Amino acid sequence: MRIIDKIISDRGSKYAVSGAPCASAAEAGDLLAQLKRNKRFAKATHNSWGLICADGPVKNDDGEAGAGMVILRMLEREGLRDHLIVVTRWYGGKHLGGDRFRHVQDAVRIYLEGLS
């Protein structure tokens, strides 16, 4: 799994993005478990993710309402299938409002740029 850590910081919240080739929701669960073996990621407030595979689009907001859909839309726009992307947030104590969606988009964009 490719991890790009400490990419965004805003009002105490910190973000990372990770991803790996992935063909199913079950495999996504295994990859998330692998990511969370790292204590830092296990203790994160949110590990939101998205994946487009043969079963269709699959997402999980992990408490960050709407984040999974943001990731899915970006995967669709890129035409990237069979690849899991996880955006991790460590909550910093202040609500970010709509800025949190911009941070999720920026994190996914950083990950996608690294694929090209």
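Here's a quick tour of one helix, one buried asparagine and a few ring contacts. Keep in mind that you're looking at a predicted model. One residue to watch is Phe41: the side chain of Asn47 reaches its backbone oxygen, and Phe41 also forms an aromatic pair with Trp90.

**Helix α4**
- Helix α4 covers residues 99-115, and at 1.5 Å a residue its 17 residues should span 24 Å; the end C-alpha atoms sit 25 Å apart, which agrees.
- Its buried residues are Arg100, His103, Val104, Ala107, Val108, Tyr111 and Leu112.
- An α-helix has 3.6 residues a turn, so residues three or four places apart point the same way.
- Those buried residues of α4 pack against strands β1 (2-10), β2 (13-21) and β5 (83-90), plus helix α3 (67-78).
- Tyr111 has company too: Arg2 lies over the face of its ring, 4.5 Å from the ring centre.

**Asn47**
- You'll find Asn47 in strand β3 (residues 46-53).
- Its relative accessibility is just 3%, so Asn47 counts as buried, since the cut-off for buried is under 20%.
- The side chain of Asn47 comes to 3.2 Å from the backbone oxygen of Phe41.
- Beyond its neighbours within four places in sequence, Asn47 touches several residues, including Leu32, Asn60, Asp62 and Val86.

**Phe41 and Trp90**
- Searching the whole structure turns up 1 aromatic pair.
- That pair is Phe41 with Trp90, edge-to-face, at 5.3 Å centre to centre and 65° between the planes.
- Phe41 is in helix α2 (residues 39-42) and Trp90 in strand β5, so the pair ties together parts 49 residues apart in sequence.
- Both Phe41 and Trp90 are buried.
- The charged end of Arg40 sits over the Trp90 ring, 4.0 Å from its centre.

Methods. Residues numbered from 1 in each chain as written. Predicted model: local features only at pLDDT ≥ 70, side-chain atom pairs only at ≥ 80, totals over all residues. Heavy atoms only, no water. Helix = DSSP H or I, 4+ residues; strand = E, 2+ residues; numbered from the N terminus. Expected span 1.5 Å × (residues − 1). Buried < 20%, exposed > 50% of the residue type's maximum accessible area, 1.4 Å probe, protein only. Contact = heavy atoms within 4.5 Å. Polar contact = N/O pair within 3.5 Å; in protein donor to acceptor, adjacent residues only side chain to side chain. Phe/Tyr/Trp six-rings, centres within 6.5 Å; stacked < 30°, edge-to-face > 60°. Lys NZ or Arg CZ within 6 Å of the ring centre and 35° of its normal.
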